[in-house]
Amino acid sequence: ADAATARTEADASAREAARARSSLEATKRAAAEAAAEEEKKAEQLRMHAAVAFTPLGQLVTGRAKFAFEGNGAYGTLELYNAAQPDATPPALRQLAQHYRDLFCNSGRGDLAVPQGDGTVVVPQARNKYAGELSRIVLVKNELLENAFTTGLLLNERARTVGAAGGMHNPPNPDEFELEKEAVRSVLKSKMKYGELLGFEKASVIPTFHGCSHEAAAAICGSGMKNGVNAVQNGMFFGAGLYTTTTAEYGCLYARTVADGGVVQSPRPANSKGEHVVLMQLGNIRRAYVGTRGRDYPQHGAIISAQDPASFSFLHSDSTGQVARAIANGTLDPNYLVNVQTGYDSRYFIVGGDAIGFQAVNLLGHTGKRNDPKLPAAYDELIFKESNQLCPQALFYIKRPPGGTGPSW
């Protein structure tokens with residue numbers, strides 16, 4: 001009996017030990033599988049996040065596989081050269097065509113066309129500088145890519161599991177104002193979803209910034225910065241990092257040093273006679289959409305290229321206008337704080353040089369009641385922080401021999 005009991009106890013101990021080993025092995029397998037999955041996701045992000053800009057949400061560029069040459073801060077890779085178009089490696093030709101289309105098809109906007117669902121469409125011309133495109137050079141800065149990717153991951157989490165759920169975007173003032181909704185619809189149409197592997201709700205938007213060659217190199221090396229003395233439209237709509245979704249508008253600033261559309265001086269070209277436009281991916285996060293009715297004195301009735309009375313409340317020269325509007329009760333005393341600190345970006349659709357590149361109305365007249373409707377020529381997209389932008393490419397434009405090229 002004692003022997004039988006001992007055998008039974010031994011069998012039970014053996015079974016318990018086997019269950020323990022099995023459980024431990026299952027735990028190890030699960031941990032290994034989880035680690036492998038995390039490593040797979042991490043590899044996808046390393047390969048694609050912030051750099052996998054894919055046309056139509058399908059093309060995986062795989063640009064991380066190619067060798068970038070650089071000075072240590074960032075690397076470059078010539079994607080396209082108009083003088084040697086066949087020199088583009090076969091593996092990069094589809095990507096090169098995508099970037100060419102992105103630049104060449106991004107010209108001046110026309111009159112907005114209202115749609116039946118409350119949105120508007122702004123027909124866009126071909127970039128008038130398309131014929132001057134001389135080179136496209138890809139840019140790779142791992143530090144900036146990592147910072148940008150982190151911001152996207154946090155945005156994805158906030159939009160997925162935020163306290164309020166949904167898109168996690170605070171309401172704009174006058175949420176149901178038709179003009180504001182029209183401008184918002186244009187911005188949404190430019191945002192790219194499904195372009196980055198691993199992200200479903202966080203979007204990116206291609207932006208352009210025309211500047212000097214020195215500024216472009218500095219941005220590629222350490223990101224955009226707010227200038228101490230903001231010029232070149234730098235304070236038209238408040239402090240921030242100024243970009244545009246329109247390549248042609250970026251080209252205007254690549255060619256000339258200007259303030260509010262007033263040309264101060266031409267920018268010097270490089271040794272090849274080229275000027276540069278930097279293309280970056282942007283992470284808008286919480287966007288404030290501006291309109292003349294909400295963000296201008298007298299609801300935007302005054303039109304002028306230079307009269308401070310025609311500037312937005314956010315303009316650096318509008319202190320007096322803001323004070324008067326608050327005093328007469330037409331502007332919330334907390335307006336500036338709410339707009340500049342409650343949002344991560346600001347978006348305005350602007351007209352041409354006739355009105356000093358100030359905002360235009362999309363659904364009706366711009367200015368007084370009998371004034372005409374104006375084309376939605378360009379736009380201004382202002383970011384709050386440098387990690388919301390990630391350099392992707394340098395577009396070089398060059399006037400043809402003997403040609404003067406487009407101007408303001």
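A residue counts as exposed when its relative accessible area is over 50%, and as buried when that area is under 20%. In this predicted model, helix α8 shows both states. The helix spans residues 319-327, and its buried residues are Q321, V322 and A325. Viewed down the axis of α8, these buried residues fall within an arc of 100°, so they line one face of the helix. On the other side of α8, T319 and A327 are exposed. The cover over the buried residues of α8 includes α9, residues 335-341. Just after α8 comes G329, which takes a positive phi of about 80°.

Strand β10 is a different element to examine. This strand covers residues 274-282, and nine of its nine residues are buried, so β10 is largely enclosed by the rest of the structure. In a regular strand, side chains alternate between the two faces of the sheet. Both faces of β10 are covered. One side carries E274, V276, L278, Q280 and G282, and the other carries H275, V277, M279 and L281; all are buried. β10 also has strand partners. Strand β6, residues 205-211, pairs with β10 in the antiparallel sense over seven bridges. Within this pairing, F208 has M279 of β10 as its bridge partner. Strand β14, residues 389-398, is also antiparallel to β10, and nine bridges link the two. Here E274 stands opposite K398 of β14.

Strand β12 comes next. Six of its six residues are buried, and the strand is mostly covered. Both faces are covered here too. S345, Y347 and I349 are buried on one side, while R346, F348 and V350 are buried on the other. β12 runs parallel to strand β11, residues 287-289, and three bridges join them. A287 stands opposite S345 of β12. With β13, β12 pairs in the antiparallel sense over six bridges. The bridge partner of F348 in β13 is E380.

Loop residues can be buried as well. F237 lies in the loop between α5 (213-222) and β7 (241-243). Its relative accessibility is 0%; the cut-off for buried is under 20%, so F237 counts as buried. The contacts of F237, leaving out residues up to four places away in sequence, reach into β12: R346, F348 and V350 are among them. E380, the bridge partner of F348, is also touched by F237. Further contacts of F237 include Y242, Y296, L314, F357 and I382. S312 is another residue that F237 touches. These two residues are 75 apart in sequence, yet their C-alpha atoms are 6.8 Å apart in space.

T366 provides a second loop example. This residue sits between β12 (345-350) and β13 (378-383). Its relative accessible area is 1%, so T366 is buried. Neighbours within four places in sequence aside, T366 is in contact with R292, I303, A359, V360, N361, D371, P372 and L374. For N361 there is a further detail: its backbone nitrogen lies 2.9 Å from a polar atom of the T366 side chain. A359 appears in both contact sets, since F237 touches A359 and T366 is in contact with A359.

Key
Residues are numbered from 1 along each chain as its sequence is written. This is a predicted model: local features need pLDDT of at least 70, side-chain atom pairs count only at pLDDT 80 or more; totals for chains, interfaces and linings use all residues. Side-chain values use heavy atoms; hydrogens and water are left out. Helices (H or I, at least four residues) and strands (E, at least two) are DSSP runs, numbered from the N terminus. Buried means under 20% relative accessible area, exposed over 50%, partly exposed in between (1.4 Å probe, protein chains only). Contact means heavy atoms within 4.5 Å. A polar contact is a pair of N or O atoms within 3.5 Å; within protein, one must be able to donate a hydrogen and the other to accept it, and residues adjacent in sequence count only if both atoms are side-chain atoms. Two strands pair if DSSP finds at least two bridges between them. The arc is that of the directions from the helix axis to the C-beta atoms.
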